Amino acid sequence: MRTPLTAIQGSSEIMTNYSLPEAKQKQLSEMINSESKRLARLIQTFLDVERLADGQMEMKRERFAASSVVDTCMGRVKPLAERKGISMTLDTPVEGTLVGDRELMEYAFYNLLTNAVKYSPPDTHVRVRAETRGADLRLSVQDEGIGMDAKELKSIFQKFYRTKKAEASGEVGTGIGLSIVEQIVISHGGRMEVASEPGKGSCFTMVVKSS
(Lines give C-alpha, C1' and ligand atoms only; values in the text may rest on other atoms or scores of the structure.)
Protein backbone atom coordinates (compact mmCIF):
# COMPACT_ATOMS: atom_id res chain seq x y z
CA MET A 1 0.00 0.00 0.00
CA ARG A 2 2.97 2.30 0.53
CA THR A 3 3.62 2.67 -3.22
CA PRO A 4 0.30 4.28 -4.22
CA LEU A 5 0.24 6.30 -0.98
CA THR A 6 3.68 7.73 -1.80
CA ALA A 7 2.50 8.67 -5.29
CA ILE A 8 -0.57 10.40 -3.86
CA GLN A 9 1.43 12.32 -1.24
CA GLY A 10 4.15 13.33 -3.68
CA SER A 11 1.72 14.54 -6.33
CA SER A 12 -0.40 16.51 -3.86
CA GLU A 13 2.68 18.19 -2.35
CA ILE A 14 3.89 19.27 -5.79
CA MET A 15 0.47 20.73 -6.62
CA THR A 16 0.37 22.59 -3.29
CA ASN A 17 3.90 24.00 -3.32
CA TYR A 18 4.43 24.88 -6.98
CA SER A 19 2.66 26.90 -9.65
CA LEU A 20 2.14 24.40 -12.43
CA PRO A 21 0.87 24.60 -16.01
CA GLU A 22 -2.69 23.39 -16.46
CA ALA A 23 -1.56 20.29 -18.35
CA LYS A 24 0.77 19.26 -15.51
CA GLN A 25 -1.95 19.85 -12.91
CA LYS A 26 -4.30 17.63 -14.89
CA GLN A 27 -1.65 14.91 -15.14
CA LEU A 28 -1.02 14.94 -11.39
CA SER A 29 -4.75 15.02 -10.63
CA GLU A 30 -5.29 11.96 -12.81
CA MET A 31 -2.42 10.19 -11.06
CA ILE A 32 -3.88 10.96 -7.63
CA ASN A 33 -7.26 9.65 -8.76
CA SER A 34 -5.76 6.49 -10.25
CA GLU A 35 -3.53 5.74 -7.27
CA SER A 36 -6.36 6.41 -4.82
CA LYS A 37 -8.49 3.81 -6.57
CA ARG A 38 -5.56 1.40 -6.59
CA LEU A 39 -5.03 1.92 -2.85
CA ALA A 40 -8.72 1.25 -2.22
CA ARG A 41 -8.47 -2.01 -4.19
CA LEU A 42 -5.42 -3.09 -2.18
CA ILE A 43 -7.19 -2.43 1.09
CA GLN A 44 -10.20 -4.40 -0.15
CA THR A 45 -7.89 -7.26 -1.11
CA PHE A 46 -6.47 -7.43 2.42
CA LEU A 47 -9.96 -7.43 3.89
CA ASP A 48 -11.18 -10.08 1.45
CA VAL A 49 -8.27 -12.39 2.26
CA GLU A 50 -8.94 -12.11 5.98
CA ARG A 51 -12.63 -12.80 5.45
CA LEU A 52 -11.82 -15.80 3.26
CA ALA A 53 -9.48 -17.17 5.91
CA ASP A 54 -12.20 -16.79 8.55
CA GLY A 55 -14.82 -18.41 6.33
CA GLN A 56 -16.84 -15.18 6.24
CA MET A 57 -16.81 -14.68 2.48
CA GLU A 58 -17.57 -16.87 -0.51
CA MET A 59 -14.88 -16.60 -3.16
CA LYS A 60 -15.74 -15.44 -6.67
CA ARG A 61 -16.05 -18.23 -9.21
CA GLU A 62 -15.18 -16.59 -12.51
CA ARG A 63 -13.21 -18.10 -15.39
CA PHE A 64 -10.16 -16.28 -16.72
CA ALA A 65 -7.06 -17.05 -18.74
CA ALA A 66 -3.97 -17.74 -16.65
CA SER A 67 -1.92 -15.86 -19.24
CA SER A 68 -3.88 -12.65 -18.56
CA VAL A 69 -2.82 -12.72 -14.89
CA VAL A 70 0.84 -13.21 -15.78
CA ASP A 71 0.84 -10.58 -18.54
CA THR A 72 -0.90 -7.98 -16.38
CA CYS A 73 1.43 -8.47 -13.42
CA MET A 74 4.60 -8.49 -15.50
CA GLY A 75 3.49 -5.25 -17.12
CA ARG A 76 2.99 -3.63 -13.72
CA VAL A 77 6.34 -4.78 -12.35
CA LYS A 78 8.38 -3.98 -15.47
CA PRO A 79 9.08 -0.30 -14.53
CA LEU A 80 10.36 -1.35 -11.07
CA ALA A 81 12.63 -3.96 -12.64
CA GLU A 82 13.96 -1.52 -15.24
CA ARG A 83 14.86 1.03 -12.55
CA LYS A 84 17.13 -1.61 -10.96
CA GLY A 85 18.51 -2.83 -14.28
CA ILE A 86 16.86 -6.23 -13.76
CA SER A 87 15.71 -8.11 -16.84
CA MET A 88 12.47 -10.03 -16.57
CA THR A 89 11.41 -12.71 -19.04
CA LEU A 90 8.61 -15.19 -19.57
CA ASP A 91 10.48 -18.36 -20.51
CA THR A 92 7.48 -20.54 -21.42
CA PRO A 93 3.96 -19.86 -22.74
CA VAL A 94 1.19 -19.69 -20.14
CA GLU A 95 -1.76 -21.88 -21.05
CA GLY A 96 -4.96 -22.91 -19.34
CA THR A 97 -7.96 -21.33 -17.66
CA LEU A 98 -8.33 -20.68 -13.95
CA VAL A 99 -11.54 -20.49 -11.92
CA GLY A 100 -11.73 -18.17 -8.95
CA ASP A 101 -11.12 -14.53 -8.05
CA ARG A 102 -8.97 -12.88 -10.69
CA GLU A 103 -8.09 -9.82 -8.59
CA LEU A 104 -6.85 -11.99 -5.73
CA MET A 105 -4.78 -14.15 -8.08
CA GLU A 106 -3.29 -11.03 -9.65
CA TYR A 107 -2.39 -9.74 -6.21
CA ALA A 108 -0.68 -13.03 -5.34
CA PHE A 109 1.39 -13.25 -8.52
CA TYR A 110 2.22 -9.54 -8.43
CA ASN A 111 3.56 -9.99 -4.90
CA LEU A 112 5.87 -12.80 -6.00
CA LEU A 113 7.21 -10.71 -8.87
CA THR A 114 7.81 -7.59 -6.78
CA ASN A 115 9.59 -9.62 -4.09
CA ALA A 116 11.85 -11.14 -6.74
CA VAL A 117 12.80 -7.68 -7.99
CA LYS A 118 13.09 -6.08 -4.54
CA TYR A 119 15.46 -8.69 -3.14
CA SER A 120 17.65 -9.11 -6.21
CA PRO A 121 20.77 -7.05 -6.91
CA PRO A 122 20.97 -4.83 -10.02
CA ASP A 123 21.84 -6.38 -13.37
CA THR A 124 20.37 -9.78 -12.54
CA HIS A 125 17.52 -11.74 -14.10
CA VAL A 126 14.01 -12.75 -13.02
CA ARG A 127 12.47 -15.67 -14.89
CA VAL A 128 8.80 -16.56 -15.05
CA ARG A 129 7.91 -20.08 -16.12
CA ALA A 130 4.64 -21.98 -16.61
CA GLU A 131 4.26 -25.75 -16.67
CA THR A 132 1.18 -27.94 -16.87
CA ARG A 133 1.23 -31.27 -15.06
CA GLY A 134 -2.06 -33.07 -15.42
CA ALA A 135 -4.71 -30.72 -13.99
CA ASP A 136 -2.09 -28.58 -12.22
CA LEU A 137 -0.70 -25.34 -13.58
CA ARG A 138 2.65 -24.39 -12.04
CA LEU A 139 3.56 -20.70 -12.23
CA SER A 140 7.12 -20.08 -11.05
CA VAL A 141 9.10 -16.91 -10.35
CA GLN A 142 12.86 -17.46 -10.14
CA ASP A 143 15.28 -14.75 -9.05
CA GLU A 144 19.02 -14.37 -8.51
CA GLY A 145 18.67 -12.62 -5.18
CA ILE A 146 19.73 -13.07 -1.56
CA GLY A 147 18.16 -16.51 -1.11
CA MET A 148 17.29 -18.31 2.12
CA ASP A 149 18.52 -21.27 4.14
CA ALA A 150 16.44 -24.28 5.18
CA LYS A 151 15.52 -22.80 8.56
CA GLU A 152 14.23 -19.60 7.00
CA LEU A 153 12.19 -21.52 4.44
CA LYS A 154 10.16 -23.14 7.23
CA SER A 155 8.92 -19.74 8.42
CA ILE A 156 8.68 -17.80 5.16
CA PHE A 157 4.86 -17.96 4.94
CA GLN A 158 4.25 -16.95 8.56
CA LYS A 159 2.67 -13.54 9.10
CA PHE A 160 5.14 -10.72 9.85
CA TYR A 161 8.18 -12.97 9.34
CA ARG A 162 11.16 -11.47 7.52
CA THR A 163 14.56 -13.06 7.10
CA LYS A 164 17.58 -11.28 8.56
CA LYS A 165 18.97 -10.69 5.07
CA ALA A 166 15.67 -9.15 3.95
CA GLU A 167 15.73 -6.77 6.91
CA ALA A 168 19.38 -5.92 6.25
CA SER A 169 18.73 -5.28 2.56
CA GLY A 170 17.20 -1.88 3.25
CA GLU A 171 14.02 -2.82 1.37
CA VAL A 172 10.85 -1.82 3.17
CA GLY A 173 8.56 -4.70 4.09
CA THR A 174 6.09 -5.93 6.68
CA GLY A 175 6.48 -9.68 6.34
CA ILE A 176 2.80 -10.10 5.58
CA GLY A 177 2.83 -10.37 1.78
CA LEU A 178 3.78 -14.03 1.42
CA SER A 179 1.30 -15.14 4.07
CA ILE A 180 -1.45 -13.46 2.03
CA VAL A 181 -0.14 -15.07 -1.16
CA GLU A 182 -0.31 -18.52 0.41
CA GLN A 183 -3.82 -17.91 1.76
CA ILE A 184 -5.04 -16.81 -1.68
CA VAL A 185 -3.54 -19.85 -3.38
CA ILE A 186 -4.95 -22.23 -0.75
CA SER A 187 -8.39 -20.64 -1.10
CA HIS A 188 -8.20 -21.54 -4.80
CA GLY A 189 -7.49 -25.19 -3.96
CA GLY A 190 -3.77 -24.87 -4.64
CA ARG A 191 -0.49 -24.75 -2.75
CA MET A 192 2.78 -22.88 -2.64
CA GLU A 193 6.22 -24.39 -3.18
CA VAL A 194 9.56 -22.68 -2.65
CA ALA A 195 13.17 -23.63 -3.27
CA SER A 196 16.05 -21.40 -2.25
CA GLU A 197 19.73 -21.27 -1.41
CA PRO A 198 21.61 -18.44 0.30
CA GLY A 199 23.30 -16.19 -2.25
CA LYS A 200 21.83 -18.07 -5.21
CA GLY A 201 18.26 -16.84 -5.29
CA SER A 202 14.81 -18.28 -4.75
CA CYS A 203 12.07 -19.89 -6.80
CA PHE A 204 8.46 -19.46 -5.67
CA THR A 205 5.84 -21.61 -7.40
CA MET A 206 2.06 -21.29 -7.33
CA VAL A 207 0.41 -24.65 -8.02
CA VAL A 208 -3.24 -24.21 -8.99
CA LYS A 209 -5.91 -26.20 -10.84
CA SER A 210 -6.31 -25.41 -14.52
CA SER A 211 -8.75 -26.37 -17.23
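Strand β3, covering residues 97-100, shows two faces: Leu98 and Gly100 sit on the covered one, while Thr97 and Val99 sit on the uncovered one. In a regular strand the side chains alternate between the two faces of the sheet. Keep in mind as you explore that this is a predicted model.

**The partner of β3**
- Strand β1 (residues 62-65) runs antiparallel to β3, and four bridges join the two strands.
- Across this pairing, Glu62 stands opposite Gly100 of β3, and Gly100 belongs to the covered face of that strand.

**An aromatic pair**
- How many aromatic pairs does the count come to? The count comes to one aromatic pair.
- This pair is made by Phe157 and Phe204, which meet edge-to-face, with 6.3 Å from centre to centre and 90 degrees between the planes.
- Phe157 is in the loop between α5 (150-155) and α6 (164-168), whereas Phe204 is in strand β7 (residues 201-209), so the pair ties together parts 47 residues apart in sequence.
- Are these rings buried or exposed? Phe157 counts as buried because its relative accessibility is 15%, with the cut-off for buried being under 20%.
- Phe204 is buried too, with a relative accessible area of 10%.

**Helix α7 and what follows**
- Which residues of helix α7 (residues 177-187) are buried? They are Gly177, Leu178, Ser179, Ile180, Val181, Ile184 and Val185.
- Just after α7 comes Gly189, which takes a positive phi of about 80 degrees.

Technical notes:
Residues are numbered from 1 along each chain as its sequence is written. This is a predicted model: local features need pLDDT of at least 70, side-chain atom pairs count only at pLDDT 80 or more; totals for chains, interfaces and linings use all residues. Side-chain values use heavy atoms; hydrogens and water are left out. Buried means under 20% relative accessible area, exposed over 50%, partly exposed in between (1.4 Å probe, protein chains only). Two strands pair if DSSP finds at least two bridges between them. Rings of Phe, Tyr and Trp (its six-membered ring) pair if their centres lie within 6.5 Å; planes under 30 degrees apart count as stacked, over 60 as edge-to-face and the rest as tilted.
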